[in-house]
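User: I would like to learn how to read the inner spaces and buried residues of a structure, taking one feature at a time. Could you begin with the general idea and then turn to the case at hand?

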Amino acid sequence: MTMPPITTSQLGIFCMITGMFCISLNDMFVKALSGDYPLHQIVFARTVIGLLITLVLLRLEGGFALLRTGQSGLHLLRALLVVFANSAFYAAIVAMPLATANALYFVAPLLVTLLSIPVLGEPVGPRRMMAVVVGFAGVLLMLWPQLRGGTDSVGWVAVLPLLAAAGYAGMSVLTRKLGRATRASALAIKLQLAFIVVSSGFYLVAGDGRFVTPDSNDSMRFLLRAWVWPQFQDLWVMLALGVLSAVVGYTMSQAYRLASAAVVAPFEYILLVFALFWGWTVFGEWPVIEVLIGAAIIIAAGIYIFWRENRRV
């Protein structure tokens, strides 16, 4: 008995799950390094290594000619959106539990569903729209303990994962749009080049730590701390981050090339399982009950959207 052929949607889902696992490792490593190095130094080291690996993938897919694509404005916008999303999210995880930041970030697939209407022209019916509204109610539930004050509150920092989600959602739908004519390796390289340019700019402007003050919170210190030469044991972590960067950049670009945004986006929720595991085992963190309930509401809304998409197809 022969197995049925694997569909492009199934390959897209596999790429998404692989990307989520690698992202969870990446987040854990970045949080572990955040007390000693500035964000954009970590990003620069990670991206240089990841770029070298992705260049090999580009060669296998067709060579440098693949980088000559049209719609340069959309490619630039996509790159800036992902740089913004990464910066906002990593600034958040130094001040709040890893799982809490990821749970708030899970509004991204809902935003992908919304943006797929004007950007991709994909239909979203009233039932799926209602699921998006329910998902946003889950976000409000998660935000409440973070903004109300008290020992579990992180204040305005709780908004950073939401800003990151907005940037990521915009990047995701643009990946789907541009991926119709651009290979995954070329899409990944354009992102990595943007990271190198932005992180180098941070070094030139703030690499000596001049903007860090005694009143700066943990997030601002992570963004603006002075660059330092890495310790030997940390070089291996940065090397691992580079490999993960290449895998994430390729698999995520491939996921949105192979399948519609509404199909693959809900599988991003598996990231919460990985984030809970790393947060608990590595950092001794566990989110408050409101975060778990809110995350469950958002995941249920996302699964419903995925189910409706399958029925429509």
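Analyst: Helices here are DSSP runs of type H or I with at least four residues, numbered from the N terminus. With that in mind, and remembering that this is a predicted model, we can place a residue: Asn26 is found in helix α1.

User: Is Asn26 buried or exposed?

Analyst: A residue is called buried when its relative accessible area is under 20%. Asn26 has a relative accessibility of 4%, so it counts as buried.

User: What does the side chain of Asn26 make a polar contact with, and which residues is Asn26 in contact with once its neighbours within four places in sequence are left aside?

Analyst: The side chain of Asn26 makes a polar contact with the side chain of Tyr90, at 2.3 Å. When the neighbours within four places in sequence are left aside, the residues in contact with Asn26 are Arg46, Tyr90, Leu241 and Leu244, and Tyr90 is thus named both as a contact and as the polar partner.

User: How many cavities of 30 Å³ or more does the structure hold?

Analyst: A cavity is a space where a 1.4 Å probe fits but cannot get out. The structure holds three cavities of 30 Å³ or more, and the largest cavity contains about 480 Å³ of space. It is lined by 30 residues, of which Ile23, Val82, Asn86, Tyr168 and Val248 are the closest to its centre.

User: Which elements give two or more residues to the lining of the largest cavity, and how does that lining divide by class?

Analyst: The elements that give two or more residues to the lining of the largest cavity are α1 (8–33), α3 (72–93), α7 (160–178), α8 (184–206) and α10 (232–258), with α10 giving the most, namely seven residues. By class, the lining of the largest cavity has 18 nonpolar, eight polar and four charged residues.

User: What lines the second largest cavity?

Analyst: The second largest cavity holds about 40 Å³ of space, and its lining consists of Pro38, His40, Phe202, Ala206, Gly207, Leu223, Leu224, Arg225 and Trp227. At least two residues of this lining come from each of α8 and α9 (218–224), and the lining of the second largest cavity comprises six nonpolar, two polar and one charged residues.

User: How should I read a pocket, and what volume does the largest pocket have?

Analyst: Whereas a cavity is a space that the probe cannot leave, a pocket is an open set of points. The largest pocket has a volume of about 160 Å³, and the residues that line it include Leu67, His75, Leu80, Lys190 and Val198. α3 and α8 are the elements that give two or more residues to the lining of the largest pocket, and α8 gives the most, with six residues. The lining of the largest pocket divides into nine nonpolar, two polar and one charged residues.

User: Why is helix α4 described as largely enclosed by the rest of the structure?

Analyst: The reasoning rests on counting buried residues along the helix: eight of the eight residues of α4 (residues 98–105) are buried, so the helix is largely enclosed by the rest of the structure. Among the buried residues of α4 are Leu98, Thr100, Asn102 and Tyr105.

User: How many disulfides does the count come to?

Analyst: A disulfide is a covalent bond between the sulfur atoms of two cysteines. With a cut-off of 2.5 Å between cysteine sulfur atoms, the count comes to zero disulfides. As for burial, Cys15 is buried with a relative accessible area of 12%, and Cys22 is buried with a relative accessible area of 9%.

Notes. Residues are numbered from 1 along each chain as its sequence is written. This is a predicted model: local features need pLDDT of at least 70, side-chain atom pairs count only at pLDDT 80 or more; totals for chains, interfaces and linings use all residues. Side-chain values use heavy atoms; hydrogens and water are left out. On a 1 Å grid over the protein atoms alone, a cavity is a set of points where a 1.4 Å probe fits but cannot get out, and a pocket is an open set with protein on both sides within 12 Å along at least five of seven lines; lining residues have an atom within 4 Å of a point. Grid points are joined across faces, edges and corners, and a volume is the space filled by probe spheres set on the points. Ala, Val, Leu, Ile, Met, Phe, Trp, Tyr, Cys and Pro count as nonpolar, Asp, Glu, Lys and Arg as charged, and the others, Gly among them, as polar. Buried means under 20% relative accessible area, exposed over 50%, partly exposed in between (1.4 Å probe, protein chains only). A polar contact is a pair of N or O atoms within 3.5 Å; within protein, one must be able to donate a hydrogen and the other to accept it, and residues adjacent in sequence count only if both atoms are side-chain atoms. Contact means heavy atoms within 4.5 Å.
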